[in-house]
Amino acid sequence: MNANLVSASSNAASYYDTIFAPAITDTEFALSAKTVENTVVLQWAPVSKAKPEGFMYYKIVRSEKNATPVYPEDGYIEYLPDIASTYFTDKHPFSGKSFYRICAIYDADATG
């Protein structure tokens, strides 16, 4: 089982681009992945510019075929509401390759 990593950026357009604020890319997640038995352990650094004001959750996106997975096209497997979260274990990865992306989601109306 291989865990392939992708950057935290994407310019894919979708219906959701019209209802959500534009994406702000921060490539300082330092995402890493390793296989442990039949799981994939993802670990990342918290977003360097993250502020508690407006932070809603991290969303973990996974794809079997798309090397740059995007939500909602590729779905997501988990969201973590704690800004201090820095790891996640995918207990049901795809056999073969799995592609991952970590997204920090903020409330666009929050001040700070």
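Here are a few quick notes on the fold, one sheet and one surface patch.

1. Bear in mind that this is a predicted model, where local features need pLDDT of at least 70, side-chain atom pairs count only at pLDDT 80 or more, and totals for chains, interfaces and linings use all residues. Residues are numbered from 1 along each chain as its sequence is written, and side-chain values use heavy atoms, with hydrogens and water left out.

2. The protein chain has seven strands and zero helices (DSSP runs, E of at least two residues for strands, H or I of at least four for helices, numbered from the N terminus). Of its 112 residues, 28% count as buried, meaning under 20% relative accessible area with a 1.4 Å probe, protein chains only.

3. On contacts (heavy atoms within 4.5 Å): among those between residues at least 6 apart in sequence, 68% join residues at least 24 apart.

4. One open sheet runs β2-β3-β6 with antiparallel pairing; two strands pair if DSSP finds at least two bridges between them. β2 (32-36) and β6 (87-90) each have a single partner strand, so one side of each lacks a neighbour in the sheet. Between β2 and β3 (residues 39-43) there are five bridges, and T35 has V40 in β3 as its bridge partner.

5. Have a look at Y71, in the loop between β4 (55-63) and β5 (78-80). Y71 is partly exposed, at 32% relative accessible area (the class between 20% and 50%).
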